[in-house]
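Reader: I should like a close look at a single part of this model. Please take one buried polar side chain as the starting point and follow its surroundings outward, strand by strand.

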Amino acid sequence: KIIGFIRLRLFVKETLILFQHSKNVTIESKAKIKPATYDNLNDVLNFQASHYLKSFKDFLDDGDKGYFAYIDDKCVHRSWTKTNMQTVYLHPLIPMKLQKDDVFIHWCETAETARGNKIYPYVLSEIAKTFANKKRILICVNERNQPSIKGVKSAGFVPIEVHKLFILCGIKRVRKHIKGSNLNYD
């Protein structure tokens, strides 16, 4: 923890892309989606370390909704959503307050053995359908994570903001670009 804390303050150069859902997309998958509950949290142990369970219990306690994807009765993916005008973090150093009708998708991961099967975009598109009555459905991805960007775009999301974070010896600089102002992630 101490090394991570120091590293976050000595040197960081990250580019984060905030996407918004813009169109419904139908994606086929052999995965079955189930809501995360206190009773099925242990299912993620198929591909996650046990220390994640505390975070997932905290998410449920906070009112977050989780979505687990299963193939052959094994959990192979997890995604979580936040609503209710909570503060979310695009990066540990970039907070963002959700608006009244916003949904923020976070903590998504697919088991390594199940990647490349369109499970991630399938889950994202199903989450978007679940929250179709909301004004904005958002997700943030690091620009270095090209597989996630591809999955997010294929699920009907488009980039709306880019946040460039630069920290050197504790001095933080964040530049925010809004869609239409040199945003080159379409």
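Author: The side chains of Gln 48 and Glu 109 are joined by a polar contact of 3.3 Å. The term denotes a pair of N or O atoms within 3.5 Å; within protein, one must be able to donate a hydrogen and the other to accept it, and residues adjacent in sequence count only if both atoms are side-chain atoms. The model is predicted, so local features need pLDDT of at least 70 and side-chain atom pairs count only at pLDDT 80 or more, whereas totals for chains, interfaces and linings use all residues. Residues are numbered from 1 along each chain as its sequence is written, and side-chain values use heavy atoms, with hydrogens and water left out.

A second polar contact, of 2.4 Å, links the side chain of Gln 48 to that of Arg 78. Gln 48 itself is placed in the loop between strand E2 (32-35) and helix H2 (52-61); helices (H or I, at least four residues) and strands (E, at least two) are DSSP runs numbered from the N terminus. With a relative accessible area of 7%, Gln 48 is buried, the classes being buried under 20%, exposed over 50% and partly exposed in between (1.4 Å probe, protein chains only). When residues up to four places away in sequence are not counted, Gln 48 touches Phe 56, Arg 78 and Glu 109, where contact means heavy atoms within 4.5 Å.

The two polar partners of Gln 48 also face one another: Arg 78 stands opposite Glu 109 in E7. E4 and E7 run antiparallel and are joined by 5 bridges; two strands are said to pair if DSSP finds at least two bridges between them. Strand E4 (residues 74-82) is largely enclosed by the rest of the structure, because 8 of its 9 residues are buried.

Glu 109 leads on to the largest pocket. Its volume is about 1200 Å³. For this calculation a 1 Å grid is laid over the protein atoms alone: a cavity is a set of points where a 1.4 Å probe fits but cannot get out, a pocket is an open set with protein on both sides within 12 Å along at least five of seven lines, and lining residues have an atom within 4 Å of a point. Grid points are joined across faces, edges and corners, and the volume is the space filled by probe spheres set on the points. The largest pocket has 42 lining residues, and those nearest its centre are Cys 108, Glu 109, Tyr 120, Asn 145 and Ser 148. Strand E7 (residues 102-110) contributes the most to this lining, namely 7 residues. By residue type, the lining comprises 23 nonpolar, 11 polar and 8 charged residues; Ala, Val, Leu, Ile, Met, Phe, Trp, Tyr, Cys and Pro count as nonpolar, Asp, Glu, Lys and Arg as charged, and the others, Gly among them, as polar.

E4 also pairs with E3, in the antiparallel sense and over 7 bridges. Within this pairing, Gly 66 has Trp 80 of E4 as its bridge partner. Strand E3 (residues 65-71) contains Ala 69, which is buried at a relative accessible area of 0%. Among the residues that Ala 69 touches, leaving out those up to four places away in sequence, are Ile 33, Cys 75, Val 76, His 77, Ile 119 and Val 123. Val 123 is 54 residues from Ala 69 in sequence, yet the C-alpha atoms of the pair are 7.3 Å apart.

The hairpin of E3 and E4 has 2 residues between the strands, and in it Asp 72 takes a positive phi near 50°. Most residues other than glycine have a negative phi. With a relative accessible area of 72%, Asp 72 is exposed, in contrast to the buried Ala 69. Lys 118 likewise has a positive phi, near 65°. Its place is in the loop between E7 and helix H3 (119-130), and Lys 118 is exposed at 55%.

Finally, the loop between E2 and H2 that holds Gln 48 also holds Asn 40. Asn 40 counts as buried at 12% relative accessibility, and its side chain reaches the backbone nitrogen of Thr 37 at 2.7 Å. Beyond its neighbours within four places in sequence, Asn 40 is in contact with Pro 35, Phe 68 and Tyr 70.
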